[in-house]
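Open your viewer, switch to a cartoon view and keep the selection box handy. We will go from stop to stop, and at each one you will hear what to pick next.

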Amino acid sequence: MWLELIGTLLAGILIYEVYFRWTRRKMFASVRDMQGPINLPVIGCSYLFFGDKSPISIGRALHNLVTGYTSPLTGWLGPYLVVILAKPEHCKTVLNSSSCLDKTVHYRFFDLDALLASEGTLWKSRRKRLNLSFTPKILNSFFGIFNKKARQFIDGSMKLADGIERNMYTEFAKWTLDNICATLFELELDDHVDKEEYLKKVELFLPLVMKRVFKIHHYSDFIYHLANDYTVFSTSRRNVREVTEKALVQKFAERQTATDDGTTTGEKTSRAKPLLDMLYDMVSDTSQAMTVEEMAHHMDEIIYAGFDTTATTISNVILLLAMHPEVQERVYQETMSICPDPNVEITQEDCNELVYTEMVIKETMRLYPVGSLFGRAVTEELKLDDQFTLVEGTIILISSSKMHRDPEIWGPQANDFNPDHFLPEKIAQRHPYSYLPFSGGPRNCIGARYAMLSMRLILAYFVRAFRVRTSLRLEDLQTSFEMIQRVKNGCLVSLIPR
């Protein structure tokens with residue numbers, strides 16, 4: 001009996017595999033000459049991620065996969081053909097192609113009807129409007145808040161400046177969340193929630209999304225909605241919506257009061273204005289077809305993606321400065337030459353002059369890009385180069401982490417921390433798509449300039465106030481993957497007042 005069952009099962013797998021290969025024969029042909037792991041029937045190469053699904057284990061498995069083969073490399077993740085790229089020329093082709101504007105199927109697991117996962121046509125329409133909320137003029141209007149939040153951060157951190165080594169990530173996460181809510185949501189977070197408790201709720205979200213990516217059977221919404229993971233995911237979503245709803249209620253009440261007073265301007269959404277006002281106007285604009293729920297989704301997306309990526313990056317910067325006191329001293333000297341007085345607000349012009357500080361941030365994002373792997377879906381046939389043409393339905397993953405440490409691009413010390421990699425003459429020698437901390441092409445990160453300005457400003461405040469040390473060394477650092485890449489050791493540093 002058991003032999004009959006096993007024989008039937010094997011026959012079924014064989015029939016499915018023959019059918020699968022026949023119906024996808026063009027896909028198989030398109031990647032025939034690419035390297036990659038062995039693909040098993042039904043599951044493809046997803047066996048590489050079986051067993052321990054901890055963020056560190058997944059990060060290690062991904063690292064072994066992308067570094068074990070020459071780019072482009074390929075494999076099947078269940079029924080999906082995946083091609084992983086780590087060459088600048090290929091990245092430029094993909095990121096600027098109209099055939100690759102859509103994100104991969106995995107982005108729908110965020111369950112956000114916003115810029116992150118929206119399809120090409122809808123994304124293009126909304127991105128065009130939302131770009132107007134990140135113009136230099138709008139960003140300049142945030143600097144009063146940036147300075148206020150930086151001073152609050154420094155005052156709070158002074159209590160921790162006792163020379164004891166501790167993980168500072170949570171402090172930077174609270175600062176980032178405060179910044180985003182005050183500038184983009186016009187909401188003072190301290191008046192509404194316990195930031196530490198709220199952060200714990202937010203931090204559940206990305207690991208749950210990642211967990212679903214590596215459980216092929218959970219790609220089915222029907223099956224996923226029956227799983228305990230979905231219950232936890234839904235609870236996390238509801239918890240995070242707490243801040244979004246408070247900001248929405250405040251904005252709608254403000255606009256209603258303005259309408260009742262007859263002080264509304266009636267300006268169109270084509271004019272640059274703060275993000276929340278822009279989203280409100282897009283809801284009112286019938287040509288945008290945006291609902292209040294979709295407006296909330298855009299705000300949720302900023303919380304999930306914007307605060308965590310910035311908090312992780314600035315934590316990494318501080319950790320690397322602690323490991324490299326000579327670099328830390330150069331950042332301090334530059335800051336003191338441009339904005340020495342802690343009683344005078346730092347301006348956008350000051351931030352633009354913090355050239356070496358920006359080089360340090362960029363070098364940190366080279367070694368530890370939070371977006372270490374990001375995807376595009378091929379919607380029309382795409383000629384990658386003279387050898388490879390990808391067909392519709394292919395999933396493309398770009399490995400910035402591999403490209404950022406490629407000795408052919410960065411030299412024999414590609415794994416070393418060296419801000420001089422971003423000297424103008426060095427940049428001019430490299431392919432412009434060899435460095436992709438914020439993705440690239442038209443669908444790059446909308447908040448890149450916002451993030452860079454806020455990080456330069458907080459670094460200026462930080463190095464004026466503290467020296468920072470750590471017992472960790474570069475070779476001690478471990479990375480994990482939770483849809484974004486993290487340094488699992490945390491920002492383990494000690495603060496010494498200057």
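**Stop one: the middle of a sheet**

Select Val-82 and you will find it opposite Ile-395 in E7. This is a predicted model, in which local features need pLDDT of at least 70 and side-chain atom pairs count only at pLDDT 80 or more, while totals for chains, interfaces and linings use all residues. Residues are numbered from 1 along each chain as its sequence is written, and side-chain values use heavy atoms, with hydrogens and water left out.

Val-82 and Ile-395 mark the meeting of E2 and E7, which run parallel and are joined by four bridges. Two strands count as paired if DSSP finds at least two bridges between them. Strands (E, at least two residues) and helices (H or I, at least four) are DSSP runs, numbered from the N terminus.

Now select Ala-377, which also stands opposite Ile-395 in E7. Here E4 and E7 pair in the antiparallel sense, over five bridges.

Zoom out to see the open sheet of four strands, ordered E1-E2-E7-E4, with mixed pairing. Colour E1 (73-77) and E4 (373-377): these strands stand at the edges with a single partner strand each, so one side of each has no neighbour in the sheet. From one strand to the next, the twist averages 25°.

Next, pick Leu-77 and look across to Tyr-80 in E2, which stands opposite. E1 and E2 (residues 80-85) run antiparallel and are joined by five bridges. Add helix H4 (residues 88-95), which packs on the sheet and touches E2, E4 and E7 (395-399); contact means heavy atoms within 4.5 Å. The direction of H4 makes about 130° with that of E7; axes are lines fitted to C-alpha atoms, for helices over the stretch in contact, and angles run from 0 to 180 degrees between N-to-C directions.

Which way do the side chains of E7 point? Ile-395, Leu-397 and Ser-399 go one way, Ile-396 and Ile-398 go the other, and all are buried (under 20% relative accessible area with a 1.4 Å probe, protein chains only; exposed is over 50%, partly exposed in between). In a regular strand the side chains alternate between the two faces of the sheet.

**Stop two: rings and charges**

Show the rings of Phe, Tyr and Trp (its six-membered ring), which pair if their centres lie within 6.5 Å; planes under 30 degrees apart are stacked, over 60 edge-to-face, and the rest tilted. The structure holds 24 aromatic pairs. One of them is Phe-142 with Phe-146, edge-to-face at 6.2 Å centre to centre and 65° between the planes. Both Phe-142 and Phe-146 are buried.

Then select Tyr-107, Phe-110, Phe-205, Tyr-224, Tyr-230, Phe-233 and Tyr-304, which form one aromatic cluster.

Move to Arg-330, whose charged end sits over the ring of Tyr-356, 3.8 Å from its centre. The criterion is NZ of Lys or CZ of Arg within 6 Å of the ring centre and within 35 degrees of the ring normal. Arg-430 does likewise over the ring of Phe-422, 5.2 Å from its centre.

**Stop three: cysteines**

How many disulfides does the structure hold? Zero, where a disulfide is a pair of cysteine sulfur atoms within 2.5 Å. Select Cys-339: its sulfur is 7.3 Å from the closest cysteine sulfur, in Cys-351, too far for a bond.

**Last stop: E8**

Finish at E8 (residues 466-469), where Phe-466 and Val-468 make a covered face and Arg-467 and Arg-469 an uncovered one.
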